Amino acid sequence: MIVYRIAPQWQVELTQVEEALAKAPFMECGATQEKSLGWVPPRGDAHGPLAESVGGQWILRFMVESKVLPGSVLARRVKEKAERIEQETGRKPGKKESKELKDEAKLDLLPMAFTKQGSMWVWIDTASRLLVLDTSAQGRADEVVTLLVEALPGLSVSLINTQTSPQAAMSHWLKEQEPPVGFTVDRECELKSATEEKAVVRYARHPLDIEEVQAHIDAGKLPTKLALTWDDRVSFMLTEGLQIKKVAFLDTVFEGTKADDGGFDTDVAIATGELSKLIPDLIEALGGEAESGVASAAQAVATGATPGAALQAAVPAAPRGKDVAGRAVTGPATAPVDTDPDSAPF
């Protein structure tokens, strides 16, 4: 998951969100279309609402479909076209013509290409002013945030930025064996060297309260991933970019529920109920939220200032991928990975 802070001036009703998303519904790729994206009903019901509210928590679902066209297949078709031209004219295609041949070959093959779909859950917590995306791929998150900002007038968000970097905090927790209050360190982590060699050490299903881990940290290796458990209720993996991965709800979360208590509303209520407590505790464990345009405005509103005055006093927005001090505030922009809807946290 990637978490954003929503600016306090954004005040809309769920019906307005529904109307905005209805202008960009998901439609399957056309015969020669490489990629299609849009919004689908979160419950999976045909023609159902695109924005659902469960206990005041708003849930959206973003869908992407793309054509799978192997590079080797495309290259073979381009080669065939080029050889045909050479046989007919006695010359080899030039650079510009080769590019045109590639475009032609792609149009020939796209109608026969397989398609793959991936979805992303989007959670808007209007009370805590949080936008949570069920993805660890920053590039894909950027795509969805851009579409939301364009669709929902007045929406402004920024990545959560904490006073203490996750990497520095994880180093301290491992070296001193002092996890933050309410959290425990589990049995998985990754340490990476900052040197040119980029040496990596991974521990899986292994105790981390050992001298070997502390020695790696003393030698300059820094944690990039660390498995944690919050309040004996939720286990997860924290990354150096403040991404929350591998979320799993433990048995204590389900105490008092019946075996047949499943379903969309129950799943959403449980997940958002736990995560809405975990996220603030995690931010607090990292020293609290650092000042930013959105965060400072939110603080001003909390102390009684009007949204307009708060925003005028806010720090100007930082460039993508950096905070107001110029530091990187997010994880690597890796290639988007399809999300299995059945494994999503909500």
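How many helices and strands does the chain have? In this predicted model, the chain has nine helices and twelve strands. This report considers the chain as a whole, then one sheet with the helices that lie across it, and finally a single residue.

**The chain and its confidence**

Of the 346 residues in the chain, 42% are buried. The accessible surface amounts to about 18300 Å², and carbon and sulfur atoms contribute 51% of that area. Among contacts with a separation of 6 or more, 68% link residues that are 24 or more positions apart.

The average pLDDT of the chain is 83, and 83% of the residues reach at least 70. Confidence is highest in strand 6 (residues 130–133), at 97, whereas helix 9 (residues 307–313) has the lowest, with a mean of 35. Over residues 296–343, pLDDT stays under 50; the model nevertheless has 69 contacts beyond four places in sequence for these residues.

**The five-stranded sheet**

An open sheet is formed by five strands in the order 9-8-10-11-12, with antiparallel pairing. Its edges are strand 9 (200–204) and strand 12 (244–249), each of which pairs on one side only. On average, neighbouring strands of this sheet are turned by 15° against each other, direction ignored. In general terms, strands of a sheet pair through backbone hydrogen bonds, in either a parallel or an antiparallel manner.

Within the sheet, strand 8 (residues 183–193) is paired with strand 10 (residues 221–230) over eight bridges, in the antiparallel sense. Ser193 stands opposite Lys221, a residue of strand 10.

**Helices across the sheet**

Helix 5 and helix 7 both lie across strands of this sheet, as the table sets out.

| Helix | Strands it lies across | Angle |
|---|---|---|
| Helix 5 (residues 166–176) | strand 8, strand 10, strand 11 (234–239) | about 75° to strand 10 |
| Helix 7 (residues 264–285) | strand 8, strand 10, strand 11, strand 12 | about 130° to strand 12 |

Strand 8, strand 10 and strand 11 thus appear in the rows of both helices. Strand 12, which is an edge strand, is listed for helix 7.

**Gln167 in helix 5**

Which residues does Gln167 touch, not counting those up to four places away in sequence? Gln167, which lies in helix 5, touches Leu222, Pro223, Thr224 and Glu240. With Glu240, the side chain of Gln167 also makes a polar contact of 3.1 Å, side chain to side chain. Leu222, Pro223 and Thr224 fall within strand 10, which spans residues 221–230.

Note on methods:
Residues numbered from 1 in each chain as written. Predicted model: local features only at pLDDT ≥ 70, side-chain atom pairs only at ≥ 80, totals over all residues. Heavy atoms only, no water. Helix = DSSP H or I, 4+ residues; strand = E, 2+ residues; numbered from the N terminus. Polar contact = N/O pair within 3.5 Å; in protein donor to acceptor, adjacent residues only side chain to side chain. Contact = heavy atoms within 4.5 Å. Pairing = 2+ DSSP bridges. Axes fitted to C-alpha atoms, helices over the stretch in contact; angles between N-to-C directions. pLDDT = per-residue confidence, 0-100. Buried < 20%, exposed > 50% of the residue type's maximum accessible area, 1.4 Å probe, protein only. Areas by Shrake-Rupley, 256 points an atom, 1.4 Å probe, with all protein chains shown as cover.
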